Each structure stands twice: as structure tokens, then as C-alpha cells.
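Student: Could we go through this model together, one question at a time?
Tutor: Gladly; have a look at it first.

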Amino acid sequence: ADKNIHKTFSPCSTYFVAVMAEQKQDDKKQFKYEDIIDVDAEMQKRQQLIEVALTEPDSTWTVAKTNDKDMTVIYKQLGNTPVYLIRGQMQMKGDPSFFYDYQQPGFGDALIEEKKVDPNCTELRIVEVVDDEHQILYNSSNSGFWLVSARDFTLMRCRYKLAGHMYKDAKYDVCGWMNYSVPDQHPLFVPVKAQHVRASCSYAGFVLSQKEGQKDEFTVSWILAMDPCGSIPQFVIAQFCPSKGAEVKQFVNSWETFKKIYKARQEKGAQTKYQPLFDVVHPKLASDGFKGKGPSKADSNEQKDEN
């Protein structure tokens with residue numbers, strides 16, 4: 001009888017599943033924005049992320065040796081904690097504002113590509129779309145180190161696009177995405193997967209920055225501040241930093257793929273199956289945006305070649 005159970009759904013059981021799904025949606029409607037997002041805390045994290053991208057490294061940073069003259073990787077320990085702050089950075093050609101559109105919540109195509117280029121990633125999926133700039137993700141990854149357990153996270157991912165961001169008397173257009181861990185008591189928290197350790201991400205993400213007056217070129221920074229938790233020796237965490245910072249190169253190498261994925265999404269009508277919990281982004285967090293600079297010379301040449 002057990003092997004035929006999947007064939008024995010009655011109209012009653014189908015109705016029950018539909019009612020439960022409707023009840024689940026009704027439960028979600030009871031959430032307040034502050035139940036899902038701590039607005040002030042996210043603002044602070046985003047500010048920190050952008051400042052790390054724009055800062056000039058001082059003597060507190062360690063400069064990692066890389067095999068790529070176009071890439072810089074720096075890192076440092078944050079006080080007497082297991083948290084290391086890591087930054088990988090490269091220069092790119094093109095219009096950075098495109099990346100904001102590509103990162104619209106609710107589209108799994110971007111996550112599939114992200115998982116594909118990370119050999120340690122075992123799962124990356126959408127849990128819930130919060131609004132037009134936020135989604136909850138579940139992520140699990142192998143450590144990449146012998147005898148170090150796999151880690152997993154429940155993450156808030158936000159995309160952002162800010163015009164004229166001031167940093168040390170200079171203006172920058174910045175955009176990108178940021179991840180940070182949600183607390184255990186969060187209503188959309190995903191329990192720890194078996195044989196995994198729940199790590200804590202203070203903040204991580206990409207910052208695409210373009211200084212005022214700069215054209216056809218921008219800086220991409222990959223930043224990570226994470227407590228791996230568990231009992232990993234400090235020297236192992238330090239060894240992990242250069243390779244994590246070098247992941248910025250995966251982003252640069254995937255840029256053309258991002259554009260192809262976005263184009264295919266648009267051709268299909270750019271419809272997502274997810275209904276966001278909230279219709280609008282909180283005004284403190286909403287991107288003020290900036291006008292795209294238009295296609296770069298490199299992009300224009302590529303279009304000519306394709307035609």
C-alpha cells in the first residue's frame with residue numbers, strides 16, 4: 001500500500017492542501033516589516049560594507065599575494081574575535097547599474113549561476129521574497145578544508161543602488177548586493193542542516209563603485225565579514241582569507257554571463273513565481289537609484305560584433 005500512496009490523493013486531500021497553502025499566505029500577511037527586517041541595523045551594515053569597499057588600506061590590513069596583477073586582496077582580524085574582514089578588488093569596464101536590475105529578488109537564474117561558480121556551494125535557494133529589494137536565502141557550503149565541517153546560513157539578501165554617496169569629500173555611484181545572517185528567532189529562519197555548523201555572516205557582498213566623473217570603468221569589491229563558528233583554529237581561518245578574497249575574479253569572469261541571463265529573463269517576460277511579503281521597500285532602505293551611463297564603448301563594440 002505504501003508504494004501506491006502517491007497515487008491516492010482524493011479531492012478531499014487536494015482541498016486540504018489548498019486550504020493549508022492559503023492559510024500559510026494568510027499567516028505571512030500578519031508580518032510587520034520590522035518583524036522581517038531590522039531597518040536601522042541593515043542601514044548600518046550597508047554603510048560598513050560600502051566604506052570597506054571605498055577605504056584605502058592602512059597598516060592594520062594584511063595584503064595577500066595573488067597571481068593576478070589586476071586583483072588586490074586584503075584582510076584583517078576584527079579585534080580578538082574569530083571574525084576576519086576580507087576584501088577582494090578589481091577594475092571593470094561597462095555600466096555597473098545593470099547589476100542592480102540583474103539582482104531583482106525572486107529570480108533563481110542568478111542564484112543558479114552563483115552556485116555554479118562556487119565549487120563548495122551545496123545549496124542556494126530562495127526561502128521568501130520580502131519586497132522589491134530583499135529576499136531570504138538559505139545557503140550551505142562545504143568548507144574546502146580537510147576536517148572542517150560544512151557551514152550553512154539563513155541570509156537576508158538586499159540589493160541597493162545609491163547615487164552620489166559621499167565618502168571622504170568624494171561622490172560615488174554605488175550598487176550591488178549584501179548578505180547578512182538573520183537571528184535564530186527570525187520568523188523565516190531555516191533550521192540547521194544535519195552535519196552542518198550554523199555560521200554567522202556579519203555582512204558580505206559586492207560593491208560596484210564609480211567615482212564622480214569616471215566613465216566606462218568602475219571598481220568591483222567583494223567583501224566578507226563572517227564568524228565561521230564551531231571550533232576552527234585561528235590559523236586555519238587566516239589561511240582561508242586570501243582564497244575567499246580572490247572570489248572577486250569569479251564575478252569579473254561571469255559578467256558577460258550575467259548579461260546573457262538577464263537578457264533571457266527579459267525575453268521570457270521577467271515574471272517571478274514569488275509574491276513579495278510587502279509591496280514597497282521601507283523608505284530608509286529604498287534605493288534612490290542613479291541613471292545608467294548607457295552602454296560602454298566595450299558594450300557597444302560587442303553589440304556591433306553580434307550584429
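Tutor: Before we start, helices and strands here are DSSP runs, numbered from the N terminus. Keep in mind that this is a predicted model.

Student: Thanks! Where is the place of Phe278?
Tutor: Two helices frame this stretch: helix H7 covers 248-267 and helix H8 covers 297-306. Phe278 belongs to the loop between H7 and H8.

Student: Does Phe278 count as buried or exposed?
Tutor: The cut-off for buried is under 20% relative accessible area. Phe278 has 14% relative accessibility, so Phe278 counts as buried.

Student: Which residues is Phe278 in contact with, leaving aside its neighbours within four places in sequence?
Tutor: Contact here means heavy atoms within 4.5 Å. With the sequence neighbours within four places set aside, the partners of Phe278 are Phe31, Lys32, Tyr33, Ile36, Val130 and Asp131.

Student: What distance separates the C-alpha atoms of Phe278 and His134?
Tutor: Along the chain, these two are 144 residues apart. In space, the C-alpha atoms of Phe278 and His134 are separated by 9.9 Å.

Student: Let's move on to Asp68. Does Asp68 count as buried or exposed?
Tutor: Asp68 sits in the loop between strand S1 (62-63) and strand S2 (72-77). Its relative accessibility is 12%, and the cut-off for buried is under 20%. Asp68 therefore counts as buried.

Student: Which backbone nitrogen lies 2.8 Å from a polar atom of the side chain of Asp68?
Tutor: Leaving aside neighbours within four places in sequence, Asp68 is in contact with Met90 and Lys249. The polar side-chain atom you ask about, however, has its partner in the backbone, at 2.8 Å: the nitrogen of Asp70.

Student: How many disulfides does the structure hold?
Tutor: A disulfide is a covalent bond between the sulfur atoms of two cysteines. Among the cysteines, Cys121 counts as buried because its relative accessibility is 9%, and Cys241 counts as buried because its value is 0%. As for disulfides, the number in the structure is 0.

Student: Which element supplies the largest share of the lining of the largest cavity?
Tutor: The largest cavity holds about 40 Å³ of space, and its lining is made up of Tyr84, Ile86, Leu224, Ala225, Met226, Ile237 and Phe240. By class, that lining has 7 nonpolar, no polar and no charged residues. Strand S3 (84-93), strand S10 (217-227) and helix H6 (234-245) each supply at least two of the lining residues. The largest share, 3 residues, comes from S10.

Methods
Residues are numbered from 1 along each chain as its sequence is written. This is a predicted model: local features need pLDDT of at least 70, side-chain atom pairs count only at pLDDT 80 or more; totals for chains, interfaces and linings use all residues. Side-chain values use heavy atoms; hydrogens and water are left out. Helices (H or I, at least four residues) and strands (E, at least two) are DSSP runs, numbered from the N terminus. Buried means under 20% relative accessible area, exposed over 50%, partly exposed in between (1.4 Å probe, protein chains only). A disulfide is a pair of cysteine sulfur atoms within 2.5 Å. A polar contact is a pair of N or O atoms within 3.5 Å; within protein, one must be able to donate a hydrogen and the other to accept it, and residues adjacent in sequence count only if both atoms are side-chain atoms. On a 1 Å grid over the protein atoms alone, a cavity is a set of points where a 1.4 Å probe fits but cannot get out, and a pocket is an open set with protein on both sides within 12 Å along at least five of seven lines; lining residues have an atom within 4 Å of a point. Grid points are joined across faces, edges and corners, and a volume is the space filled by probe spheres set on the points. Ala, Val, Leu, Ile, Met, Phe, Trp, Tyr, Cys and Pro count as nonpolar, Asp, Glu, Lys and Arg as charged, and the others, Gly among them, as polar.
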